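Trainee: Could you take me through the aromatic pairs in this protein, slowly and closely? I would like to see how each one sits in the fold.

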Amino acid sequence: MRVSVDISPEHKETYAVIYTDKMTDEIQRVIDSFNTSEKPIIALRNEEDMVILKPEEIYMVRVENGNSIIYGKDSNYRSRKRLYELQTQLGNQFMQISKSTLINLSYIDGVEPGFSGALLLKLKNGLRDYVSRKYLPEFKRYLGL
C-alpha cells in the first residue's frame, strides 16, 4: 500500500482518500482506525483491585472454565464479559482464532503446523494456542496465504 501525506496551511481539515480496486480487510482496518476518535480502554479485576488496560497491552483473551482471562505481557486478569463483547470493544487489531480465544495480531511471534490441519500460534510473551479449522481461512487471509 502506498501512502502519501500533504502538509500545508491551506488544509483546514484533515481528510483521507483511499484509491483501490476492491475493499479488503486491510483497508477496512485503516478506515476503522481513522474513525476511532479515542482509544478504548478495558476495566478489569485482578486479585485485589481494578486495572485499566489499553488494547495494545493485551496479548490474548481466552475463555477458561467459563471466565474470560485476559493475558498481558507478564500478568493476567479476569473479566466477566463474554468473548464477543471483548472482541467488539478491543477492535480490529484482535482476531478470533478458536471458539474460546482472541489474539492481538501485533504480538504474533510465529506459526507452526499443528494437528488435523490446525496451526499453532506463538505470541511474543510465550503464550501458544491453536488456530482452529473454522477460523483458519480468515487467519490465512490475514497472513496473505
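Mentor: Happy to; here is a walk through the aromatic pairs and their surroundings. Keep in mind that this is a predicted model. As a backdrop, the protein has 3 helices and 10 strands, and along the sequence they follow the pattern α-β-β-β-β-β-α-β-β-β-β-β-α. Of the 145 residues, 31% are buried.

The count of aromatic pairs comes to 2. Let's begin with tyrosine 59 and tyrosine 107: their ring centres lie 3.9 Å apart and their planes meet at 15 degrees, so this pair is stacked, given that planes under 30 degrees apart count as such. The pair links distant parts of the chain, with the two positions 48 residues apart. Tyrosine 59 belongs to the loop between strand S2 (50-53) and strand S3 (60-64), while tyrosine 107 belongs to the loop between strand S7 (101-104) and strand S8 (108-113). Both tyrosine 59 and tyrosine 107 are buried.

Now for phenylalanine 139 and tyrosine 142, whose rings form a tilted pair, 6.5 Å centre to centre with 35 degrees between the planes. Here the partners share helix H3 (residues 136-143) and sit 3 residues apart, about one turn of the helix. Their exposure is worth a look too. Phenylalanine 139 counts as buried because its relative accessibility is 0%, whereas tyrosine 142 has 30% and therefore counts as partly exposed.

So you have a stacked pair, tyrosine 59 with tyrosine 107, that links distant parts of the chain, and a tilted pair within helix H3, phenylalanine 139 with tyrosine 142.

Technical notes:
Residues are numbered from 1 along each chain as its sequence is written. This is a predicted model: local features need pLDDT of at least 70, side-chain atom pairs count only at pLDDT 80 or more; totals for chains, interfaces and linings use all residues. Side-chain values use heavy atoms; hydrogens and water are left out. Helices (H or I, at least four residues) and strands (E, at least two) are DSSP runs, numbered from the N terminus. Buried means under 20% relative accessible area, exposed over 50%, partly exposed in between (1.4 Å probe, protein chains only). Rings of Phe, Tyr and Trp (its six-membered ring) pair if their centres lie within 6.5 Å; planes under 30 degrees apart count as stacked, over 60 as edge-to-face and the rest as tilted.
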